[in-house]
Amino acid sequence: MTTKQSKPHKCEYCDSTKIIPMVNGSPVDPALESLVAQDKIYVRGSFQIVKGSVIWICADCHEGVQDEAYLYDESNSELMQAYEDAIKEAFENLEYLNESEIRKLEGRAFLRSLSQNYLSYGLFELEKSEESFWIKPSTGATHEYVTNSIIPMNYFGDMDDYLGEEGTKEFEVRINKEACVAVATRIAPGKIQVKRK
Ligand SMILES: [Zn+2]
């Protein structure tokens with residue numbers, strides 16, 4: 001049973017209504033990995049759930065819900081029930097994905113999060129060098145992400161899987177709270193261009 005006070009209705013940062021429970025655990029667990037790839041649950045490894053912890057997160061922009069009414073509080077039985085129900089529901093509807101399906105979903109999720117940051121410029125390109133990623137927005141600024149930093153190099157493989165043989169895909173993205181469609185296209189080996197449709 002949920003009420004309007006027990007689960008956040010929408011994300012205050014991007015207006016998405018895809019609010020999912022955040023749990024602690026290892027994303028290498030096959031069940032959790034599938035649920036995370038499908039945006040059913042968000043996992044933070046060393047997350048300690050104590051009074052005041054963020055327990056709801058936006059599946060689109062990955063911002064946590066900071067509103068006090070929705071922070072972990074054992075004395076709020078409706079909130080606790082909604083949180084437990086959401087986790088239970090995710091596991092009850094668990095659909096295991098194989099490795100290549102997970103890679104495609106992760107590629108899409110990665111492009112979606114980058115697009116939220118860079119598409120307001122209109123267009124950006126991702127370029128893979130041997131050791132790093134380059135992100136080049138149309139403003140001319142260049143951002144380099146080195147292997148083994150926050151963005152693992154293998155995301156480029158995930159994006160290639162997501163784009164598939166045809167080398168182009170449309171995907172949903174929210175830019176300044178507005179739902180938009182973006183198009184990612186492999187324009188050369190190791191080079192992907194992302195545009196707002
Ligand atoms: Zn959001």
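How many helices and strands are there in the protein chain? The chain holds 4 helices and 9 strands, where helices (H or I, at least four residues) and strands (E, at least two) are DSSP runs numbered from the N terminus. The model is a predicted one, in which local features need pLDDT of at least 70, side-chain atom pairs count only at pLDDT 80 or more, and totals for chains, interfaces and linings use all residues. Residues are numbered from 1 along each chain as its sequence is written.

Along the sequence, the elements follow the pattern β-α-β-β-α-α-β-β-β-α-β-β-β. The radius of gyration of the chain, 18 Å, is close to the 16 Å that the globule rule gives for 197 residues, so the chain is as compact as a globular protein of that length; the radius is taken over C-alpha atoms, and the rule is 2.2 Å times the number of residues to the power 0.38. Along the principal axes, the C-alpha atoms fill a box of roughly 55 × 35 × 30 Å.

The domain assignment, which is automatic or from a database, gives domain 1 (19-92) and domain 2 (99-196). Their C-alpha centres lie 26 Å apart. Across the boundary, 6 residues of domain 1 are in contact with 5 residues of domain 2, a contact being two C-beta atoms, placed from the backbone, within 7 Å.

Within the range of domain 1, attention turns to an open sheet of 3 strands, with the order β2-β1-β3 and mixed pairing; strands pair if DSSP finds at least two bridges between them. β2 (42-43) and β3 (56-58) stand at the edges with a single partner strand each, so one side of each is left without a neighbour in the sheet. β1 (residues 19-23) pairs with β2 in the parallel sense over 2 bridges, and V23 stands opposite V43 in β2.

Helix α4 (residues 155-163) offers a neat view of burial, its buried residues being Y155, D158, M159 and Y162. A residue is buried if 20 or more other C-beta atoms lie within 10 Å of its own, exposed if 12 or fewer, and partly exposed in between, with C-beta atoms placed from the backbone. Seen down the axis of α4, these residues fall within an arc of 100 degrees, so they line one face of the helix; the arc is that of the directions from the helix axis to the C-beta atoms. Their cover includes α3 (99-118), β7 (168-175) and β9 (191-196). After α4 comes G164, with a positive phi near 65 degrees.
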